[in-house]
Amino acid sequence: MGVSRRSVIATSLVGAAAGALPLGSAGAGTAFAASPPGDVVGKVTVGYQGWFACIGDGAPINGWWHYSPNWSQSPAPGACSITCWPDMRDFTKGYRTNFANLGNGQPANLFSSYDQQTVDTHFRWMQQNGCDTAALQRFNPNGGEGATRDAMAQKVRQAAEAYGRKFYVMYDVTWWLNMQGEIKTDWTNKMSAHTASPAYARQNGKPVVCIWGFGFNDDGRPFAPAACLDVINWFKAQGCYVIGGVPTHWRLGTDDSRAGFIDVYHAFNMISPWMVGRISDNAGADWFYTNRVLPDLADLNARGIDYQPCVIPGDLAAGHRRHGELMWRQFYNHTRAGVQSVYISMFDEFNEGNQIAKTAESAAWQPTNSGMRALDEDGTPCSSDYYLRLTNDGGRMLKGQIALTEARFTVPFPTGPDQTPPTVPGNLRVTGTTDTTVALAWNASTDNVGVAGYRVSRLSGSTSTVIGTTTTLAFTVTGLTASTAYTFTVAAFDAAGNASGASNAVTATTAAAPDNTTNLAAGRPTSESSHTQVYGSANAVDGNTGTYWESANNVWPQWLQVDLGSAMTTRRIVLTLPPQSSWATRTQTLSVSGSTDGGTFTTIVPSAGYTFNPATGNTVTITFAAATARYVRLTFTANTGWPAGQCSEFRVYSG
C-alpha cells in the first residue's frame with residue numbers, strides 16, 4: 001500500500017506571525033529564473049497522484065486503492081481513506097461505495113483513476129483552468145502497485161496529448177529502500193520511453209524528471225548524501241533536467257531536513273520545497289515568505305538554480321482553506337517575491353484534503369453519513385470548481401497577465417452561465433505532410449470570456465470525428481496511412497463548454513510510404529571525435545561487419561557522425577558490432593542527434609543504454625519519430641565491455 005507524504009513527515013507548522021514581513025516592505029521585487037520559460041519554468045505545475053482504483057474497474061491492483069484502509073472492502077463510514085468527497089458530475093462512470101446516498105439522493109459513487117475518461121476529465125479541467133503541466137507521482141513500482149502505476153503513466157500521456165498539457169515523471173522515494181539502483185532501471189526500461197511523446201515536459205531542451213524525498217529527516221528516506229548525488233548525476237548524464245522535491249527547511253538543514261545535504265540540494269536543476277502541513281493561515285504564509293521564500297530565492301539565483309515553491313489550497317478537512325484566502329495569499333506572496341514557477345500540492349490528493357480538483361460544494365453533493373467537510377464548510381458557498389478557477393487566476397497573476405492583487409477576486413460562484421460560443425476559427429490550412437502525418441494551422445478565434453482550446457475533427461463522408469484537442473493554433477495529426485487523402489475541420493470552445501461552428505474543410509494526401517530497405521549511410525562521408533589505431537570512422541559505413549570504429553579509450557563523451565549528403569527524413573538506425581562470439585555482451589550508453597547544417601544539432605533520441613549480444617547478432621535497432629537531418633550523430637558516454645565507443649556498422653533508414 002502506498003504511504004502518503006503526511007504520514008511520514010512530522011508537521012512543522014509556523015503558527016506565530018511574529019517577525020512577518022509587512023506587505024509591500026523591502027525584499028519584494030523582480031527576480032529572474034536561471035532558465036528561460038519552458039514547460040516548468042514560468043509555468044503552473046500540479047502534482048497528480050492518479051492513484052485511485054475500485055474493484056471492478058479492470059485495474060491490475062483489483063482493489064479500492066487509496067479509497068479504503070482495506071483495499072478489498074468498499075469505503076464506508078469509519079473505514080475510508082479520503083477526507084473529502086469528489087464532485088462526480090463530470091464523470092461518465094462511478095463505483096458504488098457503502099456510504100449512504102448523497103444529500104440530494106444520488107448514489108455515493110467514486111471515480112477510478114484507471115478509467116481513461118477519469119484522467120481525460122482531469123486533464124480537461126487542467127486545460128480549462130491554466131494548469132500547464134502535471135507531475136505524475138511514481139512511487140516504488142517494483143511491488144504489487146507496479147503494473148497499475150505503469151498503466152497510469154500511459155493514461156496520463158494519452159490525456160496530456162489530447163488536451164494540450166505537459167507531463168513529467170515525479171519519483172517519490174518514500175520507503176523505496178533499494179531506490180539507488182532500481183530508479184535507474186525503471187527510467188531506462190520503462191519511463192524514458194514516454195519522453196518520445198510531444199506532451200512530455202522539457203526544460204532547456206531536456207526531458208524533465210523530479211525526485212521527491214532526498215534529505216528528509218525521517219525513517220522513510222534514510223539515504224546518504226552520496227547515494228542521492230549519484231542518482232541526480234546519473235539522470236543528468238541521461239540528458240535530463242532534474243527537479244528536487246526537497247524539505248521545507250532544506251537551505252538551513254534543520255527541522256524536516258537532515259544536515260549535510262546542501263551539496264545534494266544544489267546539484268538539482270530546480271528546487272521545489274515541500275509545504276503541505278506547514279501553514280494553515282495567512283500569518284503562516286507571510287512568515288514563510290519572509291523567512292524561507294525570499295532567502296531561498298536569493299540562494300538559488302546566485303547559483304543559477306531554478307525555483308518552484310509550493311502553493312497549497314489548504315487542508316479542507318482541518319478547516320484551513322478560508323474560501324480561498326490561504327491559497328491566494330501564497331500566489332500573492334510568490335508573485336511579489338518575483339517567483340516565476342509554482343507547484344500546486346496537489347491536484348487530486350483527496351486523502352490529505354489538499355486537492356484542487358472538483359470537490360463536493362455542499363452537503364447535497366456528499367454522503368449524508370460521511371462526516372466530511374464540503375467547500376462551504378466555513379459558511380461561504382463555493383462552487384465545486386472554485387480552487388481550479390482560483391489556480392487559474394493565481395497563475396495569471398504569477399505570469400504577469402494581470403496586475404499584482406492582494407485581494408482575492410475569484411468569485412466563489414460564477415456570476416452567471418456563459419452561453420456565448422467563440423467565433424469560428426479562420427483559414428484552416430495544411431502546413432506539411434509525411435507518410436503518416438498531416439500538419440494543420442489556423443487563425444485564432446475570439447470569445448467574450450476567452451477561448452479555452454480547439455478541437456480538430458476528421459471528416460469521412462457525413463461523419464465528423466474529434467481526433468485531438470489543443471490550446472495552440474496548430475496541430476499535427478498522426479497515425480495516418482501513406483498515400484491516402486484525409487479531410488479535416490477545426491472548432492473552438494470556451495471554458496463553459498460552448499463550441500463554435502466548424503471551420504473551412506481542408507483535404508491533404510499523405511506521402512508515399514518510406515523506403516525501409518535502403519541504407520542511407522552506406523559509403524557516405526563520416527567524421528568522429530577520435531579513433532584509436534586503425535579503427536577510423538569510415539569503417540562504420542563500409543558494409544563490412546568485421547571492421548569497426550573505436551574511439552580513444554577512457555575519454556568520454558565520444559561521437560561518430562555520418563553525412564547523408566542532403567537533408568533526409570530518418571526514422572530508424574541499426575547499429576552492429578563484430579558478430580564474433582569473442583565480442584562479449586556489452587551495453588553502450590548513447591544518444592542520437594541530427595543537424596541540417598553540421599553546426600546546430602538537436603536531440604533525436606535521448607541518451608539510453610543499448611545491449612549488444614553476440615547471440616542475437618550484436619545488433620541494436622533504434623526507431624524514432626520522423627526526423628529531418630543531413631548529419632546524424634551518435635554520442636557515446638559509457639560502454640560496459642570496453643572503455644571506448646565502438647561501432648562496426650552505422651546504418652540509417654527512412655522507414
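## Cavities

Let's start with the empty space inside this predicted model: there are five cavities of 30 Å³ or more. The largest cavity comes in at about 160 Å³. Its lining is made up of 16 residues, and those nearest the centre are Met-275, Phe-288, Val-293, Cys-310 and His-334.

Which helix gives the most to the lining of the largest cavity? That would be H6, with six residues. Helix H6 covers 282–303, and helix H7, covering 325–337, also supplies at least two residues of the lining. Sorted by class, the lining has ten nonpolar residues, along with four polar and two charged ones.

## Strand E7 and its partners

Now take a look at strand E7, residues 206–212. Six of its seven residues are buried, so the strand is largely enclosed by the rest of the structure. Here "buried" means under 20% relative accessible area.

Who pairs with E7? Strand E5 (residues 166–172) runs parallel to E7, with four bridges between them, and Tyr-171 sits opposite Ile-211 of E7. Ile-211 also stands opposite Gly-244 in E8. Strand E8 spans residues 241–246, and five bridges join E8 to E7 in a parallel arrangement. Getting from E7 to E8 takes you through helix H4 (residues 225–237), and the three elements make a right-handed β-α-β unit.

Strand E6 (residues 202–203) goes the other way: E6 and E7 pair in the antiparallel sense, over two bridges. In this pairing Arg-202 stands opposite Pro-207 of E7. E6 and E7 form a hairpin with two residues between the strands, and there Asn-204 takes a positive phi near 55°.

## The four-stranded sheet

Further along the chain you'll find an open sheet of four strands, paired antiparallel in the order E16-E15-E18-E19. Strand E16 (463–470) and strand E19 (506–509) are at the edges, and each has a single partner strand, so one side of each is left without a neighbour in the sheet. From one strand to the next, the twist averages 35°.

For a closer look at one edge, follow E16 and strand E15 (residues 451–460), which pair antiparallel over seven bridges. Which residue in E16 is the bridge partner of Ser-457? Val-466 takes that place. As a general reminder for picking out side chains here, in a regular strand they alternate between the two faces of the sheet.

Terms used:
Residues are numbered from 1 along each chain as its sequence is written. This is a predicted model: local features need pLDDT of at least 70, side-chain atom pairs count only at pLDDT 80 or more; totals for chains, interfaces and linings use all residues. Side-chain values use heavy atoms; hydrogens and water are left out. Buried means under 20% relative accessible area, exposed over 50%, partly exposed in between (1.4 Å probe, protein chains only). Two strands pair if DSSP finds at least two bridges between them. A crossover is right-handed if, with the strands pointing away from the viewer, the path from the first strand over the helix to the second runs clockwise. Axes are lines fitted to C-alpha atoms, for helices over the stretch in contact, and angles run from 0 to 180 degrees between N-to-C directions. On a 1 Å grid over the protein atoms alone, a cavity is a set of points where a 1.4 Å probe fits but cannot get out, and a pocket is an open set with protein on both sides within 12 Å along at least five of seven lines; lining residues have an atom within 4 Å of a point. Grid points are joined across faces, edges and corners, and a volume is the space filled by probe spheres set on the points. Ala, Val, Leu, Ile, Met, Phe, Trp, Tyr, Cys and Pro count as nonpolar, Asp, Glu, Lys and Arg as charged, and the others, Gly among them, as polar.
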